[in-house]
Amino acid sequence: PAERQGTVDLWAGTVSVTIGTGLTEVDFTNTVGGLGLLKICKIAGSGVTPGTRFSFAIGSTTLVVPAGYCVRDGLMPVGTVVTISELSSAGTVASAISVLPADRQGAVDLNAQTVTATVGIGVTEVYFTNVSR
């Protein structure tokens, strides 16, 4: 029963439960492949100064990535589909968006400056290239 559940630690794969009268059952659900790392990279295209800071939204999380660098968004279960959106920046526009490995790339919308990517085993890298307007 749910009221017997105690602390759950997904990273450690543990749960504490209170044993009571009758059956106490614990179910674990594993994801295939474990966890993968998501990296967001900003490429400084024509007219963009390296180091210029750009903001990205991934769900409710906002990341700042300087042009010429990558920032890790953290570990996610393999198979997670994420939408990454570049927030508008004055004077620049996204000219290219890609995901490596390429088979993890979903829909790209340059006008909306968004891409979907599927987190895979190892590292999934998302590249946004901006140029001056």
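Ile84 is in contact with Ile40, Phe56, Ala57, Ile58, Gln113, Thr114, Val115, Ala117, Val126 and Phe128, leaving aside its neighbours within four places in sequence. The model is predicted. Ile84 also belongs to the largest nonpolar core, where Ile84, Ile40 and Val126 touch the most other members. Two open sheets are described below, one of 5 strands and one of 4 strands, together with 1 disulfide.

**Nonpolar core**

- The largest nonpolar core holds 19 residues.
- Strands β3, β4 (53–58), β5 (61–66), β7, β8, β10 (114–118) and β11 each supply at least two residues of this core.
- With 3 residues, β4 gives the core its largest share.
- As general background, nonpolar side chains in soluble globular proteins tend to be buried together.

**Five-stranded sheet**

- The strand order of this open sheet is β5-β4-β7-β10-β9, and the pairing is antiparallel.
- Its edge strands are β5 and β9 (105–109), each of which pairs on one side only.
- Neighbouring strands of this sheet are turned against each other by 20 degrees on average, direction ignored.
- Within the sheet, 5 bridges connect β7 and β10 in the antiparallel sense.
- Val81 has Thr118 in β10 as its bridge partner.

**Four-stranded sheet**

- This open sheet follows the order β6-β3-β11-β8, and its pairing is mixed.
- The edge positions belong to β6 and β8 (92–100), each pairing on one side only.
- From one strand to the next, the twist averages 20 degrees.
- The parallel component includes β3 and β11, which are joined by 9 bridges.
- Across that pairing, Lys42 stands opposite Phe128 in β11.
- The antiparallel component includes β8 and β11 (residues 122–132), which are joined by 8 bridges.
- Val93 has Val131 in β11 as its bridge partner.
- In general, strands of a sheet pair through backbone hydrogen bonds, either parallel or antiparallel.

**Glu86 and its surroundings**

- Glu86 is located in strand β7 (residues 81–86).
- Because buried means under 20% relative accessible area, Glu86 counts as buried at 4% relative accessibility.
- The side chains of Glu86 and Lys42 are joined by a polar contact of 3.0 Å.
- Apart from neighbours within four places in sequence, Glu86 is in contact with Lys42, Phe54, Ser55, Phe56, Ala94, Gln113, Phe128 and Asn130.
- The contacts of Glu86 thus include Lys42 and Phe128, the two residues that stand opposite each other in the pairing of β3 with β11.
- Phe56, Gln113 and Phe128 are among the contacts of Glu86, and these three residues are also among the contacts of Ile84.

**Disulfide**

- The disulfide joins Cys41 to Cys70, with an S to S distance of 2.0 Å.
- The torsion about the S-S bond of Cys41 and Cys70 is about 110 degrees, so the disulfide is right-handed.
- Cys41 lies in strand β3 (residues 35–44) and Cys70 in strand β6 (residues 70–77), so the pair ties together parts that are 29 residues apart in sequence.
- Strands β3 and β6 both belong to the sheet with the order β6-β3-β11-β8.
- Cys41 is buried, having a relative accessible area of 1%, whereas Cys70 is partly exposed, having a relative accessible area of 39%.

**Backbone features in loops**

- The peptide bond that joins Leu100 and Pro101 is cis, with omega about -5 degrees.
- Pro101 is placed in the loop between β8 and β9.
- Gln113 is not a glycine, yet it has a positive phi of about 60 degrees.
- The position of Gln113 is in the loop between β9 and β10.
- Gln113 is buried, with a relative accessible area of 8%.
- Both Ile84 and Glu86 list Gln113 among their contacts.

Note on methods. Residues numbered from 1 in each chain as written. Predicted model: local features only at pLDDT ≥ 70, side-chain atom pairs only at ≥ 80, totals over all residues. Heavy atoms only, no water. Disulfide = S-S within 2.5 Å. Buried < 20%, exposed > 50% of the residue type's maximum accessible area, 1.4 Å probe, protein only. Pairing = 2+ DSSP bridges. Axes fitted to C-alpha atoms, helices over the stretch in contact; angles between N-to-C directions. Polar contact = N/O pair within 3.5 Å; in protein donor to acceptor, adjacent residues only side chain to side chain. Contact = heavy atoms within 4.5 Å. Core = buried A, V, L, I, M, F, W, Y, C linked by side-chain atoms within 4.5 Å.
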